[in-house]
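Trainee: I'd like a close look at one loop, and then a sense of how the rest fits around it. Could you walk me through?

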Amino acid sequence: MEEKKKKDRKETIRAIKFFIISMSAGAIEIGSFTLLNEFVWPNHYWPCYLTALILSVLWNFTINRRYTFKSTKNVPRAMAMIFAYYCVFTPATTILGNYLADTLLWNEYVVTLINMSLNLVTEYLYDTFVVYRNEMDNNDIARRDAEKEAAKEAVEA
């Protein structure tokens, strides 16, 4: 039972880390979206959204791979798997977002926040159960954490 509690705690911490790092990616996305929407392509949702999304994906992938999933998985392979996810997610949210913002005249920031929320949840699940499924907690950070935990348990014993 103690092992299950440890595993559950570890996964809860992983989800929280993913959320926090994704919030930083969200700041990059909304910041670049705002600059593009206000100064480069006003009243054109899709180029602003697509450019901002690409910038945030690069940041999110790099940081979450290292600190959330603590993975040494082959970078090109992991990036290809993320690319596959975005081959589905990006057209769907770009077309839907463009329709909502440019046709139905929804506020483009509300549409972007909806897309970002969908991205947060679906990418966490995809990363956890597909991309890093069998290759989590195997980098240098994970090894140091395991050594600290073992030392702590040895002291407590």
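Where does D137 lie?

Mentor: D137 sits in the loop between α4 (108-131) and α5 (140-156). Before going further, note that this is a predicted model, where local features need pLDDT of at least 70 and side-chain atom pairs count only at pLDDT 80 or more, while totals for chains, interfaces and linings use all residues. Residues are numbered from 1 along each chain as its sequence is written, and side-chain values use heavy atoms, with hydrogens and water left out.

Look at the backbone of D137: its phi is near 60 degrees, a positive value in a residue other than glycine. The relative accessible area of D137 is 25%, so the residue counts as partly exposed (buried is under 20% relative accessible area, exposed is over 50%, and partly exposed is in between, with a 1.4 Å probe and protein chains only).

Now hop to another loop, the one between α2 (45-68) and α3 (75-103), where you'll find K70. K70 also isn't glycine and has a positive phi, near 45 degrees. With a relative accessible area of 10%, K70 is buried.

Those loops belong to a chain with five helices and zero strands (DSSP runs numbered from the N terminus: H or I of at least four residues for helices, E of at least two for strands). Follow the sequence and you read α-α-α-α-α. The C-alpha trace spans about 65 × 25 × 25 Å along its principal axes. Of the 157 residues, 36% are buried. As for contacts (heavy atoms within 4.5 Å), take those between residues at least 6 apart in sequence: 77% of them join residues at least 24 apart.

N115 in helix α4 makes a nice example. N115 is buried, at 3% relative accessible area. If you set aside its neighbours within four places in sequence, N115 touches Y45, Y49, F89, T93 and G97.

One of those partners, F89, leads us to the aromatic rings. The whole structure holds eleven aromatic pairs (Phe, Tyr and Trp rings, the six-membered one for Trp, with centres within 6.5 Å; planes under 30 degrees apart are stacked, over 60 edge-to-face, the rest tilted). Y86 and F89 make an edge-to-face pair, 5.9 Å centre to centre with 85 degrees between the planes. Because Y86 and F89 are three residues apart in helix α3, about one helical turn separates them. Y86 is buried at 8% relative accessibility, and F89 is buried at 9%. Elsewhere, F18, F69, Y124 and Y132 gather into one aromatic cluster.

A ring can also have a charge over it: the charged end of R66 sits over the ring of Y67, 5.6 Å from its centre (the rule is NZ of Lys or CZ of Arg within 6 Å of the ring centre and within 35 degrees of the ring normal).

For a link along the chain, try I16 in helix α1 (residues 2-40). The C-alpha atoms of I16 and T68 are 8.9 Å apart, though their positions lie 52 residues apart along the chain. I16 is partly exposed, at 45% relative accessibility.
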